[in-house]
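Biologist: Please take one part of this model and go through it closely. Give me enough of the rest to place that part in the whole.

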Amino acid sequence: MEKAINRQQVLLQHLNPSASSFSSHQNNSALSASACLAGDSAAYQRTNVFGDDVVIVAAYRTALCKSKRGGFKDTYPDDLLAPVLRAVIEKTNLNPSEVGDIVVGTVLAPGSQRASECRMAAFYAGFPETVPVRTVNRQCSSGLQAVADVAAAIKAGFYEIGIGAGLESMTTNPMAWEGSVNPRVKQMEQAQNCLLPMGITSENVAHRFGVTRQEQDQAAVESHRKAAAATASGKFKDEIVPVATKIVDPKTGDEKPVTISVDDGIRANTSVSDLGKLKPVFKKNGTTTAGNSSQVSDGAGAVLLMKRSVAMSKGLPILGVFRTFAAVGVDPAIMGVGPAVAIPAAVKSAGLELDDVDLFEINEAFASQFVYCQKKLELDPQKINVNGGAMAIGHPLGVTGARCVATLLHEMKRRGKDCRFGVVSMCIGTGMGAAAVFERGDCVDELCNARKVETNSLLSKDAR
């Protein structure tokens with residue numbers, strides 16, 4: 001920020017009128033450098049007038065289903081992605097040929113195979129051959145990275161409309177290491193820690209930062225409780241696209257046609273006493289169990305982004321505005337702390353403070369790291385995962401980012417003017433974290449809750 005102000009001051013030396021040419025009264029009203037925070041009405045007036053910010057006009061997902069035994073256990077990955085790609089086009093009446101790129105976050109499948117499946121899914125969804133498709137893999141943040149990549153491309157002027165998506169079938173592609181491991185890894189502890197099972201990193205977080213088994217189990221209960229309440233009240237219907245598929249009886253081979261529209265991993269009656277009976281999975285006398293970890297799941301999600309001026313010219317309602325994104329590195333041995341570092345970085349780059357954020361969607365990879373991040377950042381529990389999280393809904397690795405964006409923006413829309421800024425964040429295997437800041441769309445359009453500019457001495461004339 002200081003460098004930006006210095007640049008403004010240098011520029012203003014050339015722009016300010018000289019004392020010999022103008023009266024002292026005119027000199028008093030000369031321009032001066034000023035920090036322009038994200039919350040300033042000036043900043044949002046400018047983007048609103050010029051239409052050069054990136055907005056989200058649609059965000060949908062499939063239901064998330066338990067791997068190997070849930071509703072999508074017999075569904076091909078491309079048949080998971082196609083319905084959400086089709087939905088963002090059909091529900092906005094957008095000509096699919098106008099899409100500049102489709103970027104799909106995906107983690108576990110072999111790269112070239114998954115890239116082909118995503119291209120196939122685009123054809124199934126009705127996209128013409130002229131629309132390109134690519135994949136991106138930043139492990140658990142891949143879906144959010146896809147959204148961020150599309151937003152960055154739109155800002156750069158590469159195209160005006162794009163789709164950031166996520167796809168994962170953990171039934172088809174379970175977590176596994178293929179081939180041998182380079183023996184050189186033994187020479188460097190950090191590299192060696194990149195190979196730690198995620199559950200061990202959870203135990204490390206719990207041990208190092210004193211997160212108790214009771215705290216972890218209570219967090220899991222709350223996740224299921226909130227997700228069950230959201231499902232019962234129909235909140236997820238705004239974001240879930242029903243998928244017509246089949247269930248195959250493993251004994252007889254008989255196929256039964258079904259339509260999946262509800263997350264099937266949520267357990268409404270989960271209790272602390274029940275979870276307390278589960279044994280630790282990764283470490284003897286540990287605290288991480290199957291009950292306080294994220295669920296292994298199948299699903300897909302898609303987010304339609306475009307330049308604001310394009311959305312306005314098409315008369316499309318603006319669901320949200322993409323503000324900033326940050327990816328950070330942390331110690332691989334405690335990779336779960338990633339959100340505690342990434343969230344402040346993203347919020348700061350948006351010119352905000354943590355207290356300015358009304359809602360957080362933080363991926364619950366493990367209760368240990370979720371509880372730690374909440375406590376470390378001193379976040380209000382009433383603002384976090386208000387409709388439950390991955391311990392209840394599921395965590396299909398490449399999808400989670402896109403799923404969280406859809407869940408966040410639809411909840412912000414429901415809350416209206418009392419909810420302006422939201423954050424999506426997650427930890428990332430091998431020691432990273434990612435976070436993005438979003439703003440509710442109509443809040444920007446109407447400049448609701450914008451901080452007033454105390455003077456009219458900002459560099460930009462748009463502040464006046």
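Modeller: Contacts (heavy atoms within 4.5 Å) in the protein that have a separation of 6 or more come, in 79% of cases, from residues 24 or more positions apart. This is a predicted model, in which local features need pLDDT of at least 70 and side-chain atom pairs count only at pLDDT 80 or more, while totals for chains, interfaces and linings use all residues. Residues are numbered from 1 along each chain as its sequence is written, and side-chain values use heavy atoms, with hydrogens and water left out.

The average pLDDT (the predictor's confidence in each residue, from 0 to 100) is 89, and 84% of the residues score at least 70. Residues 32-36 have a pLDDT below 50, and this stretch has 15 contacts in the model beyond near neighbours in sequence. The pLDDT is also below 50 over residues 445-453, where the model has 25 contacts beyond near neighbours in sequence.

The protein has 464 residues, and 53% of them count as buried (under 20% relative accessible area, with exposed over 50% and partly exposed in between, for a 1.4 Å probe and protein chains only). Its secondary structure comes to 16 helices and twelve strands (DSSP runs numbered from the N terminus: H or I of at least four residues for helices, E of at least two for strands).

The part to look at is helix 13, which covers residues 367-376. Eight of the ten residues of helix 13 are buried. They are Ala-367, Ser-368, Gln-369, Phe-370, Val-371, Tyr-372, Cys-373 and Gln-374. The buried residues of helix 13 pack against four helices and two strands by name: helix 8 (198-209), helix 9 (213-232), helix 12 (338-349) and helix 14 (390-393), together with strand 10 (359-362) and strand 11 (421-428).

The chain beyond the helix has two positive phi values to point out. Just after helix 13, Glu-378 has a positive phi of about 55°. Farther along, in the loop between helix 13 and helix 14, is Asn-385. Asn-385 is not a glycine, yet its phi is positive, near 45°. Asn-385 counts as buried because its relative accessible area is 0%.

Another asparagine makes a useful contrast. Asn-285 sits in the loop between helix 10 (272-275) and strand 8 (297-307). Asn-285 also has a positive phi, near 65°. Asn-285 counts as exposed because its relative accessibility is 71%.

A glycine with positive phi is found in a turn elsewhere. Strand 6 (residues 243-248) and strand 7 (residues 255-260) run antiparallel and are joined by six bridges (strands pair if DSSP finds at least two bridges between them). Val-248 has Glu-255 in strand 7 as its bridge partner. The two strands form a hairpin with six residues between them, and Gly-253 in the turn has a positive phi of about 80°.

For a buried residue in a strand, take Val-54, which is in strand 1 (residues 54-61). Val-54 counts as buried because its relative accessibility is 1%. The C-alpha atoms of Val-54 and Val-150 are 9.4 Å apart, although 96 residues separate the two along the chain. Outside its neighbours within four places in sequence, Val-54 has contacts that include Ala-151, Ile-154, Leu-305 and Phe-322.
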